[in-house]
Amino acid sequence: MSVSIKTAREIDLMRHAGELLEKVHDELAKAIKPGISTWDIDHLGEEIIRSYSCIPNFLHYNGFPASICVSVNDEVVHGIPNKRHILKEGDIVSLDAGLIYQGYHSDAARTHAVGEISKEAEQLIKVTKESFFEGIKFAKAGNHLHEISAAIGNYAESFGYGVVRELVGHGIGTHLHEDPQIPNFACKSRGIRLQPGMTLAIEPMINIGRPEVVWLDDDWTVVTEDGTLSAHYENTVLITEGEPEILTLSI
């Protein structure tokens, strides 16, 4: 395994890539409402990314046909936008987006309510986001990678939720997916020791029911095996000498 350590210049570029991606997510969040199609969301996302003179890094990545992954209800990740897939009141929708700025990638995901949603769906979205923040408490130089993983999984599972195991987070930099892989559940090994300059895409994918998932016939869309709701929350994170820096979220 070769985990890249970013230079000060590379960190500046990734920081800007993250700031721009946060703006993309902020604009997309405003567009989420009953009646919009998942294709409309993708079209808007690509327009915004290109307006910043950036490239949507998901488009054509391993053949993926869109710029934004738009996953609705029981779709965990990699939902393919479609003009006929119209969001309706009570849905939840996960938007996974990324961009390339001067050769450097950013990656982030958010799950949104479509109009009024159930209390159960509301809690799932909230806990998925909270599990990310439980994890990055351990995203510090000198700690081990799987301390992040265990904190995420233990928190989500304390609510009785299923933590997806077939899909994990990843390193990020000049490539969208780099070493290391970042599970969202406790592992037997401790994982690598974290060092300043590492950049990680940490992304809990949490099901309200069981953790098992299946791939649809399009070979992209991943859904919960039991048909229950799933939520996704992701940020690009920089390991520093002190507290981690979230590059795709202003706090």
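Biologist: Which strands form the open sheet of three strands, and in what order do they stand?

Modeller: Strands of a sheet pair through backbone hydrogen bonds, either parallel or antiparallel. In this predicted model, local features need pLDDT of at least 70 and side-chain atom pairs count only at pLDDT 80 or more, while totals for chains, interfaces and linings use all residues. Residues are numbered from 1 along each chain as its sequence is written, and side-chain values use heavy atoms, with hydrogens and water left out. The open sheet of three strands has the order β6-β10-β13, with antiparallel pairing. Its edge strands are β6 and β13 (230–232), each of which pairs on one side only.

Biologist: By what criteria are strands and their pairing assigned?

Modeller: Helices (H or I, at least four residues) and strands (E, at least two) are DSSP runs, numbered from the N terminus. Two strands pair if DSSP finds at least two bridges between them. As a case, β10 (residues 205–207) and β13 run antiparallel and are joined by three bridges. Within that pair, Ile 206 stands opposite Ala 231 of β13.

Biologist: How many strands does the other open sheet with antiparallel pairing have, the one that includes β14?

Modeller: That sheet has five strands, in the order β8-β7-β9-β14-β15. Strands β8 (178–182) and β15 stand at the edges with a single partner strand each, so one side of each lacks a neighbour in the sheet.

Biologist: Which bridges hold the successive strands of this sheet in register, beginning with β7 and β9?

Modeller: Strand β7 (residues 169–171) and β9 run antiparallel and are joined by two bridges, with Gly 171 opposite Leu 200 of β9. Strand β9 (residues 199–202) then pairs with β14 in the antiparallel sense over four bridges, and Ile 202 has Asn 235 of β14 as its bridge partner. Finally, β14 pairs with β15 (residues 245–246), again in the antiparallel sense, over two bridges. Here Leu 238 has Glu 245 of β15 as its bridge partner, and a hairpin of six residues joins β14 to β15.

Biologist: How should one read burial, and are the residues on the two faces of β14 buried or exposed?

Modeller: Buried means under 20% relative accessible area, exposed means over 50%, and partly exposed lies in between (1.4 Å probe, protein chains only). In β14 (residues 235–238), Asn 235 and Val 237 on one side and Thr 236 and Leu 238 on the other are all buried, and both faces are thus covered.

Biologist: Why is strand β2 described as largely enclosed?

Modeller: Five of the five residues of β2 (residues 68–72) are buried, so the strand is largely enclosed by the rest of the structure. One side carries Ile 68, Val 70 and Val 72, the other Cys 69 and Ser 71, and all are buried. Strand β2 pairs with β4 (residues 92–101) in the antiparallel sense over five bridges. The bridge partner of Val 70 in β4 is Leu 95.

Biologist: Where does Val 164 lie, and which residues does it contact beyond its neighbours within four places in sequence?

Modeller: Contact means heavy atoms within 4.5 Å. Val 164 is found in the loop between β6 (162–163) and β7. Its relative accessibility is 0%, so Val 164 counts as buried. Leaving aside neighbours within four places in sequence, Val 164 is in contact with Val 76, Phe 185, Met 205, Asn 207, Pro 211 and Val 213.

Biologist: Is Glu 27, by comparison, buried or partly exposed?

Modeller: Glu 27, in helix α1 (residues 8–31), has 33% relative accessibility and counts as partly exposed. The C-alpha atoms of Glu 27 and Gly 45, 18 residues apart in sequence, are 8.2 Å apart in space.

Biologist: What describes the protein chain overall, beginning with its helices and strands?

Modeller: The secondary structure comes to four helices and 15 strands. The radius of gyration (taken over C-alpha atoms) is 17 Å, close to the 18 Å of the globule rule (2.2 Å times the number of residues to the power 0.38) for 251 residues, so the chain is as compact as a globular protein of that length. The C-alpha trace spans about 45 × 45 × 35 Å along its principal axes. Buried residues make up 54% of the 251 residues. Among contacts between residues at least 6 apart in sequence, 71% join residues at least 24 apart.
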